[in-house]
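Q: I'd like to learn how to read helix crossings, interfaces and odd backbone angles in a model. Can we walk through one together?

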Amino acid sequence: MTDQQQLMQADEMLSPVDLPGDEETEGGLRWTSIAIAVGALFLLLSNAVTIDEWAKELPPGPAAERLTQATAGWVAVTDRIGLNAPRALVHAQWKRGQALRFDPAPAATSPAPDTSSRLR
Amino acid sequence: MLFPTLTFGLFFLILYAVAWAVRASNEWRKILLLLASWVFYGAWDWRFVALLIGSAILNWGTARLIARAEEPAVRKALVVAGVAANLLILGFFKYFDFFVEQAGLVLAAAGWERDLPLFQIILPVGVSFFTFQGISYVVDVHRGRVPAAGLLDITLLMSFFPHLVAGPIVRASDLLPQFERTPRLTRGMAAMGLLLILWGLFKKAVVASELSVGLVDPVFFDPSAHGRLDLIAAAYGYAVQIYCDFSAYSDMAIGIAALLGYRFPHNFNQPYRAVSLQDFWRRWHISLSSWLRDYLYIPLGGSRGGTLYICRNLMITMLLGGLWHGAKWTFLIWGGLHGLVLSLERLWRDATPESWPTLPRPIGILITFHIVTLGWIFFRADSLDTALTYFGGLGRLDPAMVTVTPLAVALILFGLAIHFTPRHLIQGIAFQVRRIPAPLIGLGVGATILLIDAMRFEGVAPFIYYQF
């Protein structure tokens with residue numbers, strides 16, 4: 001039976017996370033833990049800017065201040081190595097896409113609703 | 001605490017590590033998950049945690065009494081009392097001020113103007129979800145579908161953080177048997193969990209947030225300031241936004257629960273490819289529509305009886321379904337519209353011979369999608385006046401400036417196109433992913449999150465369904 005046929009058969013199963021024949025796979029916890037750890041490490045190295053922005057939004061206090069200093073230092077280190085470049089490149093392209101308009105004249109939109117409740 | 005934030009990411013990393021470290025004792029693991037769920041919920045307001053615990057104790061106690069009672073009349077009285085107590089909690093927090101306001105208006109119209117007391121009640125996040133869960137539990141114990149469970153299991157069932165604030169409405173019969181033994185994490189579950197989290201993150205942080213901030217919010221904030229093109233685009237935009245927002249929450253909830261070893265049921269199944277409104281409700285917020293079917297529509301009589309009787313049941317169910325979303329006339333109209341169209345579909349089916357040709361599938365999809373989108377305008381509008389202004393603007397021909405951007409149009413088209421991908425696309429990918437070495441998967445997960453983070457709007461707004 002092909003993967004797709006097995007999936008069709010499993011359509012009425014309890015949950016979308018149940019894959020047919022999955023009981024045979026061993027070492028799921030180890031596999032997942034390694035994947036999560038590698039993913040977290042990758043983000044720690046490549047996404048220092050977001051970590052720094054998050055730290056800056058924490059409620060003020062001595063601990064937050066120390067953390068902010070540490071994250072700012074980490075941004076400087078990763079910048080020097082060039083690890084922040086891929087994110088910056090994609091972000092710049094995305095911003096360019098956001099700035100595109102059908103109407104070349106600047107749009108005078110109505111006041112935007114308050115978005116100050118947004119969280120990082 | 002919102003799923004797509006670094007704060008939640010750190011919370012989950014710690015919980016994941018500790019929860020699996022203590023797996024030798026299922027009871028301690030459940031206690032840990034319960035405490036973590038309260039920390040998660042308490043991040044909004046610690047007072048809500050007390051309400052959650054009180055609600056869990058109420059349902060645990062009622063179910064115990066039902067299980068012990070032997071007289072059918074006593075059992076029935078207990079289940080009625082349990083359901084009423086849950087509805088009282090929901091009614092007080094969600095509808096008290098609304099009904100007092102309406103009573104004030106009626107009295108004023110009758111010449112009896114009075115200052116009625118408004119409590120300015122703060123709505124606890126997710127109250128609609130956990131009270132519905134409580135109701136289904138006591139009813140299921142009464143019907144003998146599930147045995148009365150222990151206090152720890154019931155409290156965890158109602159408090160478990162992945163589904164706590166915006167569903168899916170996970171029933172006792174789904175989760176309690178899973179709580180009885182230490183869960184096991186398979187590669188397939190983990191692969192599906194990771195994929196659902198990433199897919200949900202993309203839908204919420206990129207598609208829903210961009211459409212919300214760049215198009216839908218400004219247009220719905222003041223529809224009179226926008227031309228027809230913007231109004232049409234924002235209506236389609238909201239249809240995509242609410243799907244990407246709500247299904248994202250469900251996907252992430254299912255994925256997060258999977259990484260902790262638990263299975264949640266489906267909540268969405270490509271709803272905008274529905275060929276009728278009945279089909280739509282089999283695909284949209286499946287846990288709520290099946291809840292309404294099992295605990296409201298069927299007890300009302302369901303599809304037993306004549307056509308008009310069935311239509312009455314459909315109308316009552318959908319009106320109450322609308323009111324469940326909030327104490328506003330716009331939600332009632334939204335529910336009423338769905339009830340009306342469901343009734344018309346039923347009348348049409350009963351009145352036409354089976355030999356008549358049915359509507360071609362693409363036309364059915366197109367008509368259903370536009371009825372749903374029409375309903376979303378009421379659903380999204382802050383008030384009835386705003387909704388009427390919106391509809392008035394759709395007929396206006398003035399060449400006003402254009403807010404909709406090429407990016408917004410692209411995201412709307414993307415949000416609709418994903419409804420026409422193969423039904424099991426993500427599961428198919430998960431089949432392949434589970435065979436790949438873990439370090440490579442980790443790099444893939446990290447790179448995808450980095451990509452999403454680079455595209456997402458500055459900050460993340462709360463999920464739409466948090467307000468319900």
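A: Sure. Keep in mind that this is a predicted model. Let's begin with a helix pair in chain B: α9(B), residues 187–221, and α10(B), residues 228–259, have axes that come within 6 Å and cross at roughly 155°.

Q: How are α9(B) and α10(B) oriented to each other?

A: The general idea is to compare the crossing angle with a cut-off: over 145 degrees counts as roughly antiparallel. At roughly 155°, α9(B) and α10(B) are therefore roughly antiparallel to each other. Their crossing is left-handed. As for what lines the contact of these two helices, the residues divide into 28 nonpolar, seven polar and five charged.

Q: Which other helix pair could I try, and at what angle does it cross?

A: Take α3(B) and α6(B). Helix α6 of chain B covers residues 151–159, and its axis comes within 9 Å of that of α3(B), with a crossing of roughly 130°. Apply the cut-offs again: an angle between 115 and 145 degrees is neither roughly perpendicular nor roughly antiparallel. So α3(B) and α6(B) are oblique to each other. The hand of this crossing is right-handed.

Q: Which residues of α3(B) and α6(B) meet?

A: From α3(B) you have L52(B), I53(B), S55(B), A56(B), N59(B) and W60(B); from α6(B) come L151(B), I154(B), T155(B), M158(B) and S159(B). By class, this contact has seven nonpolar, four polar and no charged residues.

Q: Let's zoom in on one of them. Is A56(B) buried or exposed?

A: The trick is to count neighbours: 20 or more other C-beta atoms within 10 Å make a residue buried. A56(B), which lies in helix α3 (residues 46–68) of chain B, has 24 C-beta neighbours inside 10 Å and so counts as buried.

Q: What does A56(B) contact, leaving aside its neighbours within four places in sequence?

A: Its partners are I154(B), T155(B), M158(B) and S159(B). Each of these is also on the α6(B) side of the helix contact. For a sense of sequence versus space, try A56(B) and L151(B): they are 95 residues apart in sequence, yet their C-alpha atoms are 7.9 Å apart.

Q: Now the backbone. Where do I find positive phi values in residues other than glycine?

A: Check phi residue by residue, then ask where each hit sits. Q270(B) has a phi near 45°, and H285(B) has one near 40°. Q270(B) is in the loop between α10 and α11 (277–281) of chain B, while H285(B) is in the loop between α11 and α12 (286–300) of that chain.

Q: Are Q270(B) and H285(B) buried or exposed?

A: Same counting as before. Q270(B) has 16 C-beta neighbours inside 10 Å, so it counts as partly exposed. H285(B), with 21 other C-beta atoms within 10 Å, is buried.

Q: Stepping back, which domains does chain B have?

A: The domain assignment gives domain 1 (6–183) and domain 2 (188–460). Taken over C-alpha atoms, their centres are separated by 25 Å. To read the boundary, look at who contributes: 22 residues of domain 1 and 19 residues of domain 2 of chain B take part in the contact. On the domain 1 side, the elements that give two or more residues are α1 (6–21), α4 (72–109), α5 (127–143), α7 (161–164) and α8 (172–179) of chain B. The largest share there, five residues, comes from α5(B). That side divides into 15 nonpolar, five polar and two charged residues.

Q: And chain A: how many helices and strands does it have?

A: Five helices and zero strands, which read along the sequence as α-α-α-α-α. Of its 120 residues, 19% count as buried. Among chain A contacts between residues at least 6 apart in sequence, 46% join residues at least 24 apart.

Q: How many residues of chain A and chain B are in contact?

A: Count each side separately: 52 residues of chain A touch 60 residues of chain B. On the chain A side, the elements giving two or more residues are α1 (3–9), α2 (28–46), α3 (48–56) and α5 (85–99) of chain A. α2(A) gives the most, with 14 residues. By class, this side of chain A has 27 nonpolar, 16 polar and nine charged residues.

Note on methods: Residues numbered from 1 in each chain as written. Chains lettered and ligands numbered in written order. Predicted model: local features only at pLDDT ≥ 70, side-chain atom pairs only at ≥ 80, totals over all residues. Axes fitted to C-alpha atoms, helices over the stretch in contact; angles between N-to-C directions. Helix = DSSP H or I, 4+ residues; strand = E, 2+ residues; numbered from the N terminus. Parallel < 35°, antiparallel > 145°, perpendicular 65-115°, else oblique. Left-handed = near helix turned anticlockwise from the far one by under 90°. Nonpolar A, V, L, I, M, F, W, Y, C, P; charged D, E, K, R; others polar. Contact = placed C-beta atoms within 7 Å. Domains from an automatic or database assignment. Buried ≥ 20, exposed ≤ 12 C-beta atoms within 10 Å, placed from the backbone.
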